[in-house]
Amino acid sequence: MTCSTTSHLKFTAPRTKMAKKRKLDGNADVVKIGNKTISLEGYLSKKLKKEAPASDVKDERIQNPDLPLTETLPTVKSDAEDQQKSSKIPSSKRPAGDPEYLKTRQSLPLWAHQDEIRRLLRKDDVLVLVGETGSGKSTQVPQFLYQEEWCQKKRVRIGSQGRAEEVTVGGIIAITQPRRVAATTLAHRVSREAGTPLTGERGGSDKKGASSRGLVGYSVRFDHRVPPGTRIKFVTEGMLLQELLRDPHLRQYSAIVVDEIHERSVDVDLLSGFLKQIVSGDKAGRGGIPLKVVIMSATANVESIKKFFSGADDKRPQTPATQEAQPGPSVQYLQIEGRQYPVVATHTPKPVADIQETLLKTIFKLHTEEPLHDKYGPNDILAFLTGQEEIEGAQKLIEEYAATLGPKVPKIKVFPLFGQLSMEAQHEAFQPVKGDFTRKIVLATNIAETSVTVPGVRFVVDCGKAKVKQYRPRLGMESLLAKPISKSSAIQRAGRAGREGPGKCFRLYTQETYDDLQKTDLPEILRTDVLGAVLTMKARGIDDVLSFPLMDPPEVESVEKALLHLHLLGALADDGSITETGRKMVMFPVTAPYARVLLAAADPEYDCLLEVIDIISCITAGDDIFMQIQSEEVREEVEAFRKELSRREGDLLTYLTTMQLYVAENTDRAQWCKARRLNVRNMKQALNIRKQLRGLCVKQGMTKQPAPDPQPFSPISPEQADTILKCFLKGFALKTAMLAPDSSYVTAHGKHVVAIHPSSVLHGQKKEAIMFLEHVYTQKNYAKKVSAIQAAWIAEALEQ
DNA sequence: TGTCCCGGT
């Protein structure tokens, strides 16, 4: 047999070398790593190579295969009415936009639809807009609308004759985003397109450009740029919910554009409910001026969303309130093509037994058969896996096998990509790979599905699963397990191969498995503890939370559990109305139990507010400020440093010591973190949260202005430690466990066996009783953020 | 005795 294909040649060359180098029991097609043996035999042979390709598996073209890929420039015909309207605005007041960007804007699929969008919103108040990836909806829609007549600021009289007041309504369009980076980068992009500056903290407190007016602004936590004259404001969903506390009628806005609604965060579900109430209400709170709502989705299954806003879907129990509700508004609908290259998806002919093995084979088959570059750019590979452990295992396998390949085979560089990775390590995965003769392979979790875009990707490998957190209200705990993804998620993953040129997606599951996938993911509100959602509603004036409009209402039992829990925390009175305590709790950007602990800490009985703020700042800053240590050598080295941080009372006091030493360190905090393997990004975030919480507590009169940093470090006494832990029990009385005779921990509430998670400083230790802030089922029932407490404290805490 | 999908106020 002659080796006629180059790819085969490429593989034959390294085999002898690999055999020499790795001494693999005489079988060159076997890779042995740890206790795992993977056979590549057959797969790389010509025989199988003829069978494997797409001929015997079904192909599926994803997203507009017929779309012309050449950029067409539609001629824009503005109608007479439009020209007349815009000519009334003095040209000096009409930002023309930056001509440099005009050509690019005109090439967007959305550009040709701008008159239609304006017309639909003049007619009705709600528009559902489906625009697939690359349509330009997030940047263009607000620019099309802000000069509309209905979008101008107006003075109106509000209230009955006796106590009428004149207020300003409208003038600004808000565009909500699920993530901070999206809100800030979109704002920068639109301000450049508009040719106006994006400067000024809260309308101009910084020196440079403080007085310069701008069209575009943004507002996310810890970062606000709203120049005077802002008409288009990008915000996170959570930020707009927060504004809703102060201004229930959203009076400063003429329109709210809800972007990426298909992601279905709890925040966007709540926001949709409030927006539905505003658009279908009597508008008295806005002086009769309507609020326009544009709902934007990247996926086309919006039937339920349309029904929700038009009121045709009333799933709520029939109560006097729902029966009297007015008929909903009419909802306009528009679908716009995306600008994606076609992606061909292939499925495996048979179910895959070993994901790692099939992943390795798929990647090396691609690597040897496909060119490194083509006219569209690099041909890199992005693989979707479930978690850190799987990614690191796969990386090791790929690197070991790649090292055995001969000099004629292109090199491979593997980049892991998951949330807990440092900023620099994540950044590396986005850079073009160094060296012409190298292919980039990114092994990612779901972070690459929505949160970040890896450039250069033309091949996607999809394992078909993702880890999903699910709350179990009956058990009061959550699970984090790998589950099959939805069809919509599979399509989204495949689409990542078609951003820069025609792509291919290799699904490591069968066509049949794909066909059986759920159409969409379960929205977060059905997978999470609704405690926070219920408190959010109560604080915004919703008395009967069960009749609040939600696209997917949680089970009544879950809501009732949350109401009881809030009552136990003192946020709700016996009649279900919100208490003073509850109103104070929602002011804090932390979950209800933490907010309760903050309030208790200000009580003279405990008097440990600054300490509690330090602890809560560390906990809510990210997954964990302590990074996991891989190798044994590093562990010994780091343990020496970490010893001075850890406290025998457990994780909470360890966090406190860490924060106190961190702020006392005044030479090189980054280096200090590095030596202790602390996540620098999370520590900086913790410091931001600490500053915000301190500010809020001062404002609430809970404490006087704390002394500025750096303060000298003085360790907490055992008595003070007891007080702090008792204070945390005010929020976490139910999350406690006692040591049983068989050395297991049994929870006080529910009598479940829990194990102390290996990330805890108390892992492997036996204490009389423990308190834990998190309860997650993964491999086992794990207790996380654990502290040692006295058994007597549990009864004491439960009595209150 | 051995570990963590992604976001957000």
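Helix angles under 35 degrees count as roughly parallel. Keep that cut-off in mind while looking at this predicted model, starting with helix H9, which spans residues 266–280, and helix H17, which spans residues 531–539. These two pack at an angle of about 30°, and their axes are 11 Å apart. H9 and H17 therefore run roughly parallel to each other, and their crossing is right-handed.

What sits between them? On the H9 side you'll find Val266, Leu270 and Phe274, and they meet Ala533, Thr536 and Met537 of H17. Sorted by class, that contact comes out as 5 nonpolar residues and 1 polar one, with no charged residues.

Now move over to another helix pair. Helix H4 (residues 99–106) packs against helix H7 (residues 180–194) at an angle of about 115°, with 7 Å between the axes. Since 65 to 115 degrees is the range for roughly perpendicular, H4 counts as roughly perpendicular to H7. H4 brings Tyr101, Thr104 and Arg105 to the contact, while H7 brings Arg189, Arg192 and Glu193. Here the class count is 4 charged residues, 1 nonpolar and 1 polar.

Next, the DNA. There are 34 residues around DNA strand B, and the ones that come nearest are Arg180, Gln388, Gly419, Lys467 and Thr778. Which parts of the strand do the protein atoms approach? Among the atoms of DNA strand B within 4 Å of the protein, 60% belong to sugar or phosphate, and bases supply the rest.

A few individual contacts are worth finding on screen. Gln388, already named among the nearest residues, has a polar backbone atom 2.8 Å from a phosphate oxygen of DNA strand B. Threonine 236 uses its side chain instead: one of its N or O atoms is 2.9 Å from a phosphate oxygen of the strand. With arginine 635 the partner is a base, as a side-chain N or O atom lies 3.5 Å from a base nitrogen of DNA strand B.

As for secondary structure, helix H8 (237–246) and strand E21 (465–472) are the elements that give two or more residues to the surface near DNA strand B. H8 gives the most, with 3 residues. Taken by class, the surface near the strand has 15 polar, 10 nonpolar and 9 charged residues.

How values were computed
Residues are numbered from 1 along each chain as its sequence is written. Chains are lettered from A and ligands numbered from 1 in the order in which they are written. This is a predicted model: local features need pLDDT of at least 70, side-chain atom pairs count only at pLDDT 80 or more; totals for chains, interfaces and linings use all residues. Side-chain values use heavy atoms; hydrogens and water are left out. Axes are lines fitted to C-alpha atoms, for helices over the stretch in contact, and angles run from 0 to 180 degrees between N-to-C directions. Helices (H or I, at least four residues) and strands (E, at least two) are DSSP runs, numbered from the N terminus. Angles under 35 degrees count as roughly parallel, over 145 as roughly antiparallel, 65 to 115 as roughly perpendicular and the rest as oblique. Contact means heavy atoms within 4.5 Å. Ala, Val, Leu, Ile, Met, Phe, Trp, Tyr, Cys and Pro count as nonpolar, Asp, Glu, Lys and Arg as charged, and the others, Gly among them, as polar. A crossing is left-handed if the near helix is turned anticlockwise from the far one by less than a right angle, and right-handed if clockwise. A residue is near a molecule or strand if one of its heavy atoms lies within 4 Å of it. A polar contact is a pair of N or O atoms within 3.5 Å; within protein, one must be able to donate a hydrogen and the other to accept it, and residues adjacent in sequence count only if both atoms are side-chain atoms.
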